[in-house]
Every structure is written in structure tokens, then in C-alpha cells.
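Trainee: Before I use any of these labels in my own work, I would like to go through them one at a time. Could we take each term and set it against its criterion?

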Amino acid sequence: MERRVLFAVFLCFLVLYLWQALVVKPVPKPVATAAPTTATGAAEPAPASATPPAAAAPSTTLAPSQAAPVVGETAERDIRVETQDVIAVFTNRGARLKSWRLKDHLDTEKQPQELIENEPGAQPLPFTLKTADEQINATLNSALYTVNGAPPEGSASPSPAELRFEYRDAAGVHVIKDFRLEPTSYVLTFRSSVMAGDRTLPAAVVWGPALGDHIAASSLVQGAQGLLYQNGSPVRLTADDVAEQPAHEGDFRYAGVDDNYFMTVALDPGPARITYQPVTIPPPSGSNAAERVLLSYTIEPRENAGPLKFYVGPKELDVLTAIDREFASAIHFGWFAVIVVPLLQSLKWVHGYVGNWGWAIVILTVIINVVLAPLRHKQVVSMRKMQAIQPEVKSIQDRYSKLKATDPAKQKMNQEMMALYREKGVNPASGCIPVLLTFPIMIAMWAALQVSIELRGAPWFGWIQDLSAPDPWYILPVLMVVTQFWQQHITPMTGADPAQQKMMKFMPIILGFIFFSLPAGALLYYVAGTVIGIGQQYLTNYLIGPAAVRAVRPPAERRVKRAGSGKSEGAS
């Protein structure tokens with residue numbers, strides 16, 4: 001097989017990958033069957049219940065019962081709980097979570113990152129309860145609960161925080177909600193009990209529109225998606241998928257919503273019914289920002305055996321692995337996850353020494369290129385050998401150029417070329433094999449840099465203040481194009497006709513347009529790798545010397561020469 005054929009196969013795989021990874025997919029509008037579509041004035045999602053009345057409950061919100069409260073409070077208030085990792089704020093109205101901020105992850109204003117959507121009308125709040133009785137639901141989620149166990153404000157507690165919210169009225173409705181926050185974890189444990197007289201009512205747990213980090217979804221950044229782990233693998237649900245099938249039943253290891261960097265999921269809910277609801281958050285008044293499509297989800301466990309644990313935090317590899325190795329699969333590493341994880345761990349190891357994620361990327365790129373240097377040297381040597389015999393290959397091709405591809409005599413051309421390769425000790429595929437081996441590493445490194453939460457908001461130096469965002473001055477994309485042209489100029493071109501060579505000269509510009517919006521961290525890796533490749537190319541050229549190209553006279557010229565000199569054919 002000729003090298004250009006293998007190179008064409010490589011380009012096909014590259015184009016397919018880039019098409020899947022980079023082409024913007026329009027976010028569909030939620031269909032009418034998946035109401036509500038807006039956060040303002042929107043009804044809460046239909047309850048996920050095993051009983052037909054709950055499934056068919058109307059979306060209108062009923063007024064709460066007028067029964068006098070027996071256990072409850074008279075004024076709405078907030079309860080603030082601070083741990084080592086989070087600052088949580090609960091409201092006693094409905095005993096729900098209204099704020100969950102991550103102390104170690106900052107937003108664009110350098111404040112703890114908020115994960116609860118706080119736009120006006122963004123309902124329902126997390127830990128809203130749903131039963132088959134809409135009248136009771138209105139009471140559950142609007143009553144003012146008493147609170148026990150509230151810690152003193154002002155400092156993080158070294159011990160678990162345990163809150164109990166309780167409400168009871170004269171009509172016999174009795175609700176208890178228990179929350180437990182660990183001192184060093186993003187895990188929150190929740191248990192609820194709903195009674196109506198002497199009846200225990202099963203209640204589904206609703207988590208309102210997620211997530212509240214205001215991430216701008218694009219072809220490179222994952223927006224809010226449903227996330228289910230079932231039968232040994234994660235399942236991701238786009239807005240299209242939710243519109244087609246909002247409810248899912250099964251035995252889940254975890255289920256909830258995630259985006260590129262954060263997630264909220266129930267851990268080990270067991271056999272349950274999970275129902276997703278699209279919620280459209282309009283932009284602030286006077287803003288040109290696009291509306292955001294988030295997801296609300298409802299969990300209805302089939303077995304009321306115990307409390308539910310929720311993870312509400314970053315998609316950080318070490319944190320997720322410490323909870324469960326399978327939980328780490330919530331990070332969307334793509335096709336080459338088996339390579340991405342070691343690369344990400346290596347990047348964190350290097351960062352532990354240099355303390356700067358940008359320089360850690362550069363140093364890891366150097367290490368990777370040093371490891372791959374023998375393969376690249378072998379590739380260049382093979383290309384140089386192919387370059388040396390190109391005139392002879394071209395001579396053979398010219399002799400058969402007028403034959404059709406289906407002509408049996410065309411096979412003789414391939415036989416002659418293979419004989420030439422054997423005679424010169426050239427393997428036409430050996431130049432492509434190193435490229436095919438390094439290609440997964442390149443894609444895996446890109447994937448690691450695009451989903452790594454460690455790079456979110458991390459500066460390099462100068463104008464690069466966020467390695468997870470595109471280069472604001474587009475200096476790195478320009479450097480990428482320039483260095484690619486440079487590398488292309490000093491790299492021997494073999495097995496391509498002049499038209500193909502002209503087309504390849506435009507590849508850096510094409511890739512520059514495709515990659516100009518890549519995160520700065522991924523572009524830094526690409527530019528650093530190209531610069532190192534240029535240095536390796538110069539070193540290899542110095543070691544193996546210039547190509548010894550043998551000029552081959554055309555067949556007609558050789559026949560004229562033989563006729564004029566009287567020499568035999570073998571002498572030529």
C-alpha cells in the first residue's frame with residue numbers, strides 16, 4: 001500500500017473526528033409535551049410516580065391548604081451551612097436548597113461558584129417534593145418549616161452538619177426533611193417523610209433547573225445534559241433525547257445532570273424512575289446573551305429503603321475516584337479515555353512541581369515528544385528514503401499512466417513498484433505507522449485539556465488568564481498556523497503529485513480556521529508540540545544529511561540515447 005493511501009486514510013479519520021467534535025449542533029427547542037419551556041411563570045415538572053394519578057397530574061399549581069400550622073414558623077428565613085468545601089443556604093419555605101457555592105472553584109467575578117440556578121422564577125428549587133396529591137404538594141413546598149440543628153454562622157464546622165426541617169398542620173399533613181452535610185465533601189444526604197393522617201405518602205424528589213454555573217454551551221463546551229449510569233456505562237441525554245423520551249427506569253449507579261465542569265447527581269438511587277424536564281432560562285433584561293436550556297430532574301425511588309445521597313460539585317478526577325471508580329466515568333473523556341486518564345494524572349503531577357498549569361502543559365508536551373522522538377525519527381528516515389526513489393517511482397507510473405485502472409496490465413505497475421521497494425529496502429507504510437500511533441495521543445491530550453476542571457480559570461502568563469477559554473488576542477491560533485507552515489516547509493513530501501502538494505500547503509490555514517476557538521490550553525499544547533517537532537526535524541535532517549535523489553531519464557530519452565550510441569539496453 002502506498003504511503004499516500006495511508007495518509008489519506010489518516011486524513012479521513014481526522015476529518016470525521018473534527019466534524020463530530022467541532023461542528024456546532026443547534027439546541028432544539030423543547031417540544032410542547034415537555035412543558036414547561038421557560039423558568040418564568042413555568043409550572044413545575046410532572047411528578048415521577050408509579051401511580052397513574054401522579055403521572056397524569058395537571059401542571060397547574062394549586063393553592064396550599066388553609067389548615068392552621070401546628071408545627072412551623074411564622075416568618076421565612078435562610079439557614080447558612082458552611083463546610084470546608086461548600087457554602088450552602090437553605091430556606092425554611094418548603095425546606096429546600098436555594099444556594100450551593102463551591103469555595104475552591106470561582107466564577108468570573110472571583111466569587112465561590114454557584115451551582116443553583118438563581119434567576120428570578122427559576123423553579124422548582126432542589127428538594128421540592130412531589131406526591132400524587134397536588135393540594136398536598138402545594139403545602140409541602142410553600143409551608144414555613146421549623147429548623148433544628150442549624151450551626152452557628154461565620155466558620156466552617158469540623159463535624160457533619162445535620163439539619164431537620166419539620167412541618168405539621170391541623171389537616172394531618174406532617175412532613176420531615178433531614179439533611180446531612182459532610183465537613184470535607186460535596187456529598188449531601190437527604191431523607192424525607194410525608195404523612196397525611198395515618199397514611200405514608202411516597203414522595204418523589206425534584207431538583208430544579210441545573211446547573212447554575214452559567215456555562216456557555218458550544219461545540220467545544222458541553223452544556224447541561226442528562227446523565228445516567230446503567231449497565232456498566234454512562235448514558236448522556238441531550239435536549240433532543242429528553243424531548244423524545246423524558247422518563248427512564250432502571251437500576252442506576254448515579255443519575256442527574258452535568259455540564260462540562262460540574263454536576264448534580266443522586267448516588268446509588270437503586271431501582272428508580274428518573275424524569276427530565278427542559279427549562280429555558282431567558283437572558284437578563286437588556287442583555288444580548290442567548291437563552292439557556294437547562295434540565296430539571298425528578299427521582300422517584302422504587303424502594304423507600306433509606307436516604308438519598310447527592311453529589312453536587314466539580315467533575316474532578318481525584319474527587320470522583322475517591323467516591324467510586326465508576327463515578328469517574330461521569331467525566332466525558334471521549335474515545336481515548338484509556339489514554340486520557342494517565343495523561344491528565346501526568347499533567348497534575350507536573351503541576352505539583354511547577355505550580356502553573358500553562359507551564360505544566362509545555363513541560364508535559366516536551367516529555368511526550370521526547371518519548372515519541374524515536375518514532376518520529378523513524379518516520380522522517382522512511383520519508384527520506386521514499387523521497388530518494390521518487391523519480392524512479394514517477395518513471396514507473398508514467399509508463400502506465402495511459403492505462404485504465406481496470407486494465408489487467410496495470411497490475412504490472414504495482415509489481416514493479418513493490419520490486420523497487422524491496423530492492424531499495426523501503427517500506428511505504430513505515431512512514432505512516434508512527435503518525436497513526438501518535439494520533440490517539442494527540443486527540444487524548446486535547447480531550448484531557450478540554451474537560452479538565454483544573455484549567456478552568458487557570459492563568460498561564462501575560463494575556464492568557466484562563467486556559468479553558470479561547471485566546472482573547474488570537475495569538476496562539478496565529479502561532480499555530482505559522483509553525484505548521486514552517487514544519488511543513490522542512491518536512492520531506494513524498495508520494496503526492498503537485499496538485500496534492502498544493503492542497504496540503506493550505507492545510508495549516510484550514511486548521512487555523514477550525515481551531516481558532518479552541519481553549520488556550522489545547523492550543524498551547526499544539527503550538528508547543530509543533531515547535532518541538534520543528535526542532536526534531538532539524539536535528540534529524542542534520543543526522544541523516546540531505547536526500548540523495550537520483551534523476552531518472554524518461555523512457556523515450558533512454559531509447560534515443562541507446563539508438564545513437566549503439567549501447568545495449570542493459571548499459572543504460
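Mentor: Let us begin with a hairpin, keeping in mind that this is a predicted model: strand 15 is joined to strand 16 by a hairpin through three residues.

Trainee: What makes strand 15 and strand 16 count as paired?

Mentor: The criterion is at least two bridges between the strands, and eleven bridges join strand 15 to strand 16, which run antiparallel, so the criterion is met. Within this pair, Asp258 stands opposite Met263 in strand 16.

Trainee: Which further strands pair with strand 16, and how do you know that they do?

Mentor: Strand 16 and strand 18 (residues 308-314) pair in the antiparallel sense over six bridges, and ten bridges join strand 16 to strand 17 (residues 292-301), again antiparallel. Because two bridges are enough, both counts satisfy the definition. Met263 stands opposite Gly313 in strand 18, while Val279 stands opposite Leu294 in strand 17.

Trainee: Why is strand 16 described as largely enclosed?

Mentor: A residue is buried if its relative accessible area is under 20%, and 17 of the 20 residues of strand 16 are buried, so the strand is largely enclosed by the rest of the structure. For the protein chain as a whole, 48% of the 572 residues count as buried.

Trainee: How many residues of strand 13 are buried, and what follows from that?

Mentor: Five of the six residues of strand 13 (residues 225-230) are buried, so strand 13 too is largely enclosed by the rest of the structure. Strand 13 pairs in the antiparallel sense with strand 15 (residues 247-258) over five bridges, where the bridge partner of Gln225 is Asp258. Five bridges also join strand 13 to strand 14 (residues 233-237), which run antiparallel, and here Tyr229 stands opposite Pro234. In the hairpin of strand 13 and strand 14, which has two residues between the strands, Asn231 takes a positive phi near 55 degrees.

Trainee: What makes a set of residues a nonpolar core, and which members of the largest one touch the most others?

Mentor: The members must be buried residues of the nonpolar types, joined through side-chain atoms within 4.5 Å. The largest core has 120 residues, of which Phe90, Trp100, Phe310 and Leu467 touch the most other members. Strand 16 (residues 262-281) gives the most to this core, with ten residues. Apart from it lies another core, of ten residues, among them Val393, Ile396, Tyr400 and Leu420.

Trainee: Which residues does Phe310 touch, leaving aside those up to four places away in sequence?

Mentor: Contact means heavy atoms within 4.5 Å, and the residues that Phe310 touches include Phe127, Tyr186, Trp207, Val265 and Ile299.

Trainee: Why is the sheet of strands 2-3-4-5 called open, and which strands stand at its edges?

Mentor: The four strands form an open sheet in that order, with antiparallel pairing. Strand 2 (78-82) and strand 5 (112-114) stand at the edges with a single partner strand each, so one side of each is left without a neighbour in the sheet. The twist averages 25 degrees from one strand to the next.

Trainee: How do you know that strand 4 and strand 5 are partners?

Mentor: Three bridges join strand 4 (residues 96-106) to strand 5, which run antiparallel, and because the definition asks for at least two, the pair qualifies. Leu106 stands opposite Pro112 in strand 5.

Methods
Residues are numbered from 1 along each chain as its sequence is written. This is a predicted model: local features need pLDDT of at least 70, side-chain atom pairs count only at pLDDT 80 or more; totals for chains, interfaces and linings use all residues. Side-chain values use heavy atoms; hydrogens and water are left out. Axes are lines fitted to C-alpha atoms, for helices over the stretch in contact, and angles run from 0 to 180 degrees between N-to-C directions. Buried means under 20% relative accessible area, exposed over 50%, partly exposed in between (1.4 Å probe, protein chains only).
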